[in-house]
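Biologist: I should like to go through this model with you, beginning with single positions and ending with the overall fold. Please reason briefly before each answer.

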Amino acid sequence: MIPLLNYSGHPLLAKLEDRELKEEILNRTLSRGSRGNQNDTSNVILQMLELRKQKAALFGFESYAAYVTSQQTAKSPKNIHEVLRSIAPAAIRNANAEKSLLDELMRLENPDAEVEAFDWDRYSEQLKKRDYDVDTGELKPYFELRRVLEDGVFFAAGKLFGLRFVQREDLVGYHPDNWIYEVFYEDGEKCGLYIFDPYARPSKSGGAWMNNLIDQSHLLGKKPIVVNNMNIPKPAAGEAALMTFDEVNTLFHEFGHTLHGILSDVTYPRFSGTSVERDFVEFPSQVNEMWMLWPEVLENYAIHFETGKKLDKSWIEKLNKLEAFNQGYETTHYLQAAILDLALHESDAPKDLANFEQQAIKDYGLSHQAVPTRYKINYFAHIFGGGYAAGYYGYIWSEVLDADSVNWFRENGGLTRENGKRFAELLLARGGSKDSMQMAREFLGREPSIDALLVRRGLN
Ligand SMILES: [Zn+2]
């Protein structure tokens, strides 16, 4: 009656009170695909690992991880380990501190018990209510779709990059619900076209994304046409389309990819816009998320759709503080999976997957009785079915650059035309035509560092 979802956890764990039932849900989740299970994936996994090793050898690499990362900004597994190993101790230290707080809450209900993995969500929800006092559902009336796009997202792009957006109702998109804008630089020159496709419909994929219909290139004399897709429920005629907090964040994120595509200024289409390494491509879009809660931007778009009242500024601090909530758990949970992925693709295929998994996590100092890995090997679909083999580290890799760059913007005056010009010229406009880490270094004016990430996640 309770379908399992593909990660180590379940939404019901936050709600259920029966500890035995919760334990069973988590145990069944964690044992999917393992030995003794009728859907045992072990043999397929071992075969895939062996074939990947052979493929790497054909290209002259000693491991599949070495082969894959040679084409990413990370360059080698060694460089990745250096970063992950520097984050791991802070992650586990914070997971321990968080657990002590949860233990206190749990003892109010259950004096002799200690928090286990299946208890975590319930008590962390209680902790969030007690210490953070945030119900993001209250924000929805302040996030009207067109206002968020034009007075929030476009407004920030105007301040930073001098872009101007003019709606073209006369142009026809690929669907009647497309909103089409012509984009201009501040000197009046045409930059490209932007298509916004906001609403969910049965024929559309889930989630949100950006893609180019036309890549910018001087070789072919093409200006870019970029699309952003969202899946916001379409309101009835005459009613307002209101967005959730997460949807607004996602729109700023996806528009960060759009800026990469639309500000592209390269010769060859091969290197246009977002044609960069997988462990780099999320970095500019993550940076763009920072403007969502930037006071000058928020004030311009977060206006109650009925009363016209501006959103109270006290929300900014509350929402920023929330970034560090539960991050010891989240970071440990994520890093465990990231190092499992690397370990599997750096060594010979293991004899016993369960043993190998335990050992790899232990070697990194990331074992924790109440924090399971986000994916165990036997259901790690990202790396066995999703193209992320030896690439799961990429999420935190690009977040290191993201947090460092957000810090750079903050320290250098924030939302200014000068800062936007620097980000566009040294990074966005160059697409994949230069070495990515070199571009990041030139933008920051130094080597990237993990300090900003540790501060953001509250880990130091
Ligand atoms: Zn993205």
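Biologist: In which loop is L242 found?

Modeller: Please bear in mind that the model is predicted. L242 lies after strand β5 (residues 225-232), and helix α7 covers 245-262. The residue is therefore found in the loop between β5 and α7.

Biologist: Is L242 buried, partly exposed or exposed?

Modeller: The relative accessible area of L242 is 22%. Buried would require under 20%, and exposed over 50%. L242 is therefore partly exposed.

Biologist: Which residues does L242 touch, not counting those up to four places away in sequence?

Modeller: The C-alpha atoms of L242 and L139 are separated by 9.6 Å, although the two residues are 103 residues apart along the chain. With residues up to four places away in sequence left out, the residues that L242 touches are K140, P141, F143, E144, E247 and F305.

Biologist: In what sense do strands β2 and β3 pair, and over how many bridges?

Modeller: Strand β2 takes in residues 179-184, and strand β3 takes in residues 190-199. The two form a hairpin with 5 residues between them. Within the pair, Y181 stands opposite Y194 in β3. The pairing is antiparallel, over 6 bridges.

Biologist: Which residue in the turn between β2 and β3 has a positive phi?

Modeller: The turn belongs to the hairpin of β2 and β3, with 5 residues between the strands. A positive phi of about 95° occurs there, at G188.

Biologist: Which strand runs parallel to β3?

Modeller: The partner is joined to β3 by 6 bridges and spans residues 225-232. D197 stands opposite N229 in this partner, and F196 stands opposite N228. The strand is β5.

Biologist: Which residue of β4 stands opposite N228 in β5?

Modeller: Strand β4 (residues 209-214) pairs with β5 in the antiparallel sense, over 5 bridges. N228 also has F196 opposite. In the pairing of β4 with β5, the residue opposite N228 is M210.

Biologist: How many residues of β3 and of β5 are buried?

Modeller: Each of these strands is mostly covered. For β5 the count is 6 of its 8 residues. For β3 the count is 8 of its 10 residues.

Biologist: Where is N326, and what is its phi?

Modeller: N326 sits in the loop between α10 (314-321) and α11 (327-346). With 11% relative accessibility, under the 20% limit, N326 counts as buried. Although N326 is not a glycine, its phi is positive, at about 65°.

Biologist: Is A390 buried or exposed?

Modeller: A390 is placed in the loop between α13 (381-385) and α14 (394-411). A390 has a positive phi of about 55° although it is not a glycine. Its relative accessibility is 0%, so A390 counts as buried.

Biologist: With which residues is D341 in contact, leaving aside its neighbours within four places in sequence?

Modeller: D341 is placed in helix α11, and its relative accessibility of 0% means that it counts as buried. D341 and E104 are 34 Å apart in space, C-alpha to C-alpha, and 237 residues apart in sequence. The contacts of D341 beyond four places in sequence are F380, I383, Y388, A389, A390, G391, Y392 and Y393.

Biologist: Is N39 buried or exposed?

Modeller: N39 belongs to the loop between α1 (19-30) and α2 (42-58). From N39 to C191 the C-alpha distance is 53 Å, with these positions 152 residues apart in sequence terms. At 54% relative accessibility, over the 50% limit, N39 counts as exposed.

Biologist: What is the radius of gyration of the protein?

Modeller: The secondary structure comes to 17 helices and 5 strands. For 460 residues the globule rule gives 23 Å, and the value for the protein is close to this, so the protein is as compact as a globular protein of that length. The radius of gyration is 23 Å.

Biologist: What percentage of the residues in the protein is buried?

Modeller: The C-alpha atoms fill a box of roughly 65 × 60 × 45 Å along the principal axes. The protein exposes about 21500 Å², of which carbon and sulfur atoms supply 49%. Of the 460 residues, the buried ones make up 51%.

Biologist: How far apart do the centres of the positive and negative side chains lie?

Modeller: The protein has 52 positive and 67 negative side chains. The centres of the two sets lie apart by 3 Å.

Note on methods
Residues are numbered from 1 along each chain as its sequence is written. This is a predicted model: local features need pLDDT of at least 70, side-chain atom pairs count only at pLDDT 80 or more; totals for chains, interfaces and linings use all residues. Side-chain values use heavy atoms; hydrogens and water are left out. Helices (H or I, at least four residues) and strands (E, at least two) are DSSP runs, numbered from the N terminus. The radius of gyration is taken over C-alpha atoms; the globule rule is 2.2 Å times the number of residues to the power 0.38. Buried means under 20% relative accessible area, exposed over 50%, partly exposed in between (1.4 Å probe, protein chains only). Accessible areas come from the Shrake-Rupley method with a 1.4 Å probe; for residues, only the protein chains shown count as cover. Lys and Arg count as positive and Asp and Glu as negative; His and the chain ends are not counted. The place of a charge is taken as NZ of Lys, CZ of Arg, CG of Asp or CD of Glu. Two strands pair if DSSP finds at least two bridges between them. Contact means heavy atoms within 4.5 Å.
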